[in-house]
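I set out to record a few look-ups on this entry, working from the chain as a whole down to single residues. The notes follow in the order in which I made them.

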Amino acid sequence: MTEFNLDSLPKRMPYRMPEGTLEQIERNVMLRIGESKGDGRRPDVAASPTAATPGGARTISLRWRRWTEWAVSAAAAVAAVCVLGLRPTSVASSTEADVEAAFANLCDDDQDFLIALYQDDPFMDN
């Protein structure tokens, strides 16, 4: 098998970024922070649901966002109550005698079917 010497391979950067990109990002962030400081809003929340951002994307109002967060939280709480609160509190345990009695109440065809079905089951104690 051939061993590769990774140190002998040429080093080059496969990714390129236009000049000034990082400075432009920094400038945009600082502008957004400066715009939001005066009115008490977070920088990612616009004044109205239809206010467009410079990139063309629309943002939602703070009131709408808070209402949505509360609605989702309430729905999650209801789901948790339904899942956790509606479980049966006790399960009737059956004894081997109960199972034998139920099996004896089956017709002969059903008994033969169950015996054939569970005959080769690897999880059953034969």
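How many disulfides does the structure hold? I found zero disulfides. I note at the outset that the model is predicted.

**Cysteines.** I looked up the accessibility of two cysteines. Cys 82 has a relative accessibility of 41%, so I entered this residue as partly exposed. Cys 107 has a relative accessible area of 40% and therefore also goes down as partly exposed.

**Chain.** I next recorded the secondary structure. The protein chain contains four helices and zero strands, and its pattern along the sequence reads α-α-α-α. I then asked what share of the 126 residues counts as buried. The value is 5%. For contacts in the protein chain with a separation of 6 or more, I noted that 0% come from residues 24 or more positions apart. The accessible surface of the chain amounts to about 12000 Å². Carbon and sulfur atoms contribute 60% of that surface.

**Nonpolar patch.** I looked for nonpolar side chains grouped on the surface. One such patch consists of Met 17, Leu 22, Ile 25, Val 29, Met 30 and Ile 33. Together these residues have about 570 Å² of accessible area. I followed up on Met 17, which sits in the segment before helix H1 (21-37). Is Met 17 buried or exposed? Its relative accessibility is 51%, and the cut-off for exposed is over 50%, so Met 17 counts as exposed.

**Gln 111.** I turned last to a residue of helix H4, which spans residues 108-118 and includes Gln 111. I entered Gln 111 as buried because its relative accessibility is 16%, where buried requires under 20%. Which residues does Gln 111 contact, leaving aside its neighbours within four places in sequence? I listed Phe 103, Ala 104 and Leu 106. For Phe 103 I also recorded an atom pair: its backbone oxygen lies 2.7 Å from a polar atom of the Gln 111 side chain.

Definitions and conventions
Residues are numbered from 1 along each chain as its sequence is written. This is a predicted model: local features need pLDDT of at least 70, side-chain atom pairs count only at pLDDT 80 or more; totals for chains, interfaces and linings use all residues. Side-chain values use heavy atoms; hydrogens and water are left out. Helices (H or I, at least four residues) and strands (E, at least two) are DSSP runs, numbered from the N terminus. Buried means under 20% relative accessible area, exposed over 50%, partly exposed in between (1.4 Å probe, protein chains only). A polar contact is a pair of N or O atoms within 3.5 Å; within protein, one must be able to donate a hydrogen and the other to accept it, and residues adjacent in sequence count only if both atoms are side-chain atoms. Contact means heavy atoms within 4.5 Å. Patches are made of residues with over 30% relative accessible area and no salt bridge: like charges are joined within 9 Å, nonpolar side chains (Val, Leu, Ile, Met, Phe, Trp, Tyr) within 5 Å. Accessible areas come from the Shrake-Rupley method with a 1.4 Å probe; for residues, only the protein chains shown count as cover. A salt bridge is a side-chain nitrogen of Lys or Arg within 4 Å of a carboxyl oxygen of Asp or Glu. A disulfide is a pair of cysteine sulfur atoms within 2.5 Å.
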